[in-house]
Structure formats: structure tokens, C-alpha cells
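Q: I'd love a close look at one part of this model, with its surroundings filled in as you go. Could you walk me through it?

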Amino acid sequence: MANTRFAVGLQRLIPWLGYHHVLMVFIAVAIILLSLLLAGCSSTSPLIPGIFLISMYYTHYTATYDPSQVDPGVNSAISNIVGHAQLEVRVGYFGICVTQDGSGYLCSNNATALAQNVNIDQDPLNLIWVAQTFKEAVVFPYLLIVAIILAFVCFILLATFPGWHYERDDITGSDIDVKPFPSRPVCQVALALIFIASVFVLVSVLWQHTASVAASTVAQDFGNGSVKSGVGTSAMVLGWFGFVLLIIVTIGLLVMLLSMSVLDKLTGD
């Protein structure tokens, strides 16, 4: 009985909370995650340089030898060229971050400006140029941008859904919980928008993951023994979590539409 009273009291305290509000929260979180992904390496703000697609940095390690290498000794020449360089380059969708000591980052969308602030002995293999080439020739952020716009429009459409409210019964004098259905055309448009946004995010994240892994592997092989490269875990997590949230919203809207269709058939409308 106490639990029932608490539940009823909570409903009266938040009468506007409905099923579509939960979906709106998921969309809002997805938009934030995808926006952070796009903002990676665009500034020196806290945590932003840590959101990157790929990183390349100078470090000496035991070179990998393989029978397919025509000149296995080339890694010694590369090691001599690299010397004591400690530069690290991180690439995001709209920016590049560079650090020479592992602590402070210098970020910009202009690789030329970054190169002018780095000494020759700190970037002997032109990793900044390689990073700029990767950003311009491989990275494609526009699908994510369109997906965010579509998700935001879907969020606005969900905000137009009628909320739960109470009406007083003239006969009994008690409050009746009224849960009106939203407009079916609006639901269909919202479902179409969020589905397209989900597909765009999926394609973009897969593209991002495949391209980053491929570029990371190639860059490290070329700098065998002197350059290492890695894929940004934070960027991958943000992208995949954003996709999962949009898929949950898509399924939620689909379930809502199917439920409305079933109720219409049961009531004979």
C-alpha cells in the first residue's frame, strides 16, 4: 500500500513525464556525445585533445622484421633521422593537436600554423603533414553533422507530443489519468528522421573505425622502430554509444507506432 501511494504521489509530482520524454533524453545524450566527437582536437580545452581519431608519435622500440621486407635495415636509417624527437600528433574531425613534451597541447585546424611552431628536429618525418593529409583526404565529418541535425529535428517533434495529465470526472469527482496519443503522421516523420540519423551515424562510425585502424597500421609500419600510432578509444566509444542511443530511440518510436496500430484495431477505429 505504501509503495502504491508513493508511486501515485510521484506521478502527481511529475505529471508531464511520459514515454516520449525518455526518448528525448536519449536523443539529447546522443547529440551531446556526437558533438563531443566532432569537437575532438579542435581546441586545448580540458579533455578535448583526448578525443582523437588517430595519434602518431616518435618513440624508439624494437623494429619488426619480416621476410617480405626488401631492405630490413632501413629502420636504422629512420632511427638516426628521428634522433631524440618526442613529438606526438593527434587528429580529430576538425583539428590537429601537437605536443612536444606530453603535457601541453597546441591545437589548430591549420597544420601550417602548427608546423611553424615546431622545430625541425622535433618532427623529422613530417608527422604533422601526414596528419593533415589524413584529416583532409580520409576524414569525412558531414554525415555526423547531418545526423545531429536530423536527431535534433526529431527531438523537436517529440516535444510536440501531448503529455500526461489529469482530468476530473464529473460523476465520481475523482481525477482520471489521461494519456492521449500523439499524432501518427508526426510519429512516422520522427521515426523516419531518427532512422536516417542512425544509418548516417553507423556509416560514419564504421568509416571512422576502419580508416583510423588502417592509417594507424600503415603509419607505424612505415616508421618501423621509430614511430608508433594508435586509434583513439574515446572517439570510438563516443561514436558507438551515440549510435546505440539513436537505435534505442528508433526502436522506441517503432514500438509506439505498432502499439497505436494494435489499439486502433482493437477499438475498431
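Which helices and strands each supply at least two residues of the lining of the largest pocket?

A: Happy to take you through it. Please keep in mind that this is a predicted model. The elements you are asking about are β1 (54–58), α5 (127–137) and α7 (184–222), each of which supplies at least two residues of the lining of the largest pocket. The space in this pocket comes to about 330 Å³. Its lining is made of 15 residues, and those closest to the centre of the pocket are M56, V130, V218, A219 and F222. By character, the lining has 13 nonpolar residues and two polar ones, with no charged residue.

Now for the enclosed space. Searching the whole structure for cavities of 30 Å³ or more turns up one, and the volume of the largest cavity is about 70 Å³. Among the residues lining this cavity are L53, Y93, F134, W207 and Q208. Others in the lining include V138, V139 and F140, along with S204, A211 and S212. Helix α7, which also supplies at least two residues to the lining of the largest pocket, gives the most to the lining of the largest cavity, namely five residues. Charged residues are absent from the cavity lining too, which divides into eight nonpolar and three polar residues.

Strand β1 leads us from the pocket to the sheet. Five strands make up this open sheet, in the order β4-β3-β2-β1-β7, and they pair in the antiparallel sense. At the edges are β4 and β7 (227–231), each pairing on one side only. From one strand to the next, the twist averages 15 degrees. Five bridges join β1 and β7 in their antiparallel pairing, and S55 stands opposite G230 of β7.

At the other end of the strand order is the structure's one disulfide. A disulfide is a covalent bond between the sulfur atoms of two cysteines. Here the partners are C97 and C107, with their sulfur atoms 2.0 Å apart. C97 belongs to strand β3 (residues 96–99) and C107 to strand β4 (residues 106–108), 10 residues apart. The link of C97 and C107 is right-handed, with 105 degrees about the S-S bond. Both C97 and C107 are buried.

Two further cysteines are worth a look here. C41 does not bond to C97, the cysteine with the closest sulfur, because the two sulfur atoms are 4.0 Å apart, too far for a bond. C41 is itself buried, at a relative accessible area of 0%. C154 takes part in no disulfide either, as the nearest cysteine sulfur, in C187, is 9.6 Å away. The relative accessibility of C154 is 0%, so C154 counts as buried.

One last stop is H20, which sits in helix α2 (residues 19–39). With a relative accessible area of 6%, H20 is buried, because the cut-off for that label is under 20%. H20 and T160 are 140 residues apart in sequence, while their C-alpha atoms are 9.7 Å apart in space.

To come back to your question, β1, α5 and α7 are the elements to trace around the largest pocket. From there, α7 takes you on to the lining of the largest cavity, and β1 takes you into the five-stranded sheet.

Technical notes. Residues numbered from 1 in each chain as written. Predicted model: local features only at pLDDT ≥ 70, side-chain atom pairs only at ≥ 80, totals over all residues. Heavy atoms only, no water. 1 Å grid on protein atoms, 1.4 Å probe; cavity = no way out; pocket = protein on both sides within 12 Å on 5 of 7 lines; lining within 4 Å. Points joined across faces, edges and corners; volume = space filled by probe spheres on them. Helix = DSSP H or I, 4+ residues; strand = E, 2+ residues; numbered from the N terminus. Nonpolar A, V, L, I, M, F, W, Y, C, P; charged D, E, K, R; others polar. Disulfide = S-S within 2.5 Å. Buried < 20%, exposed > 50% of the residue type's maximum accessible area, 1.4 Å probe, protein only. Pairing = 2+ DSSP bridges. Axes fitted to C-alpha atoms, helices over the stretch in contact; angles between N-to-C directions.
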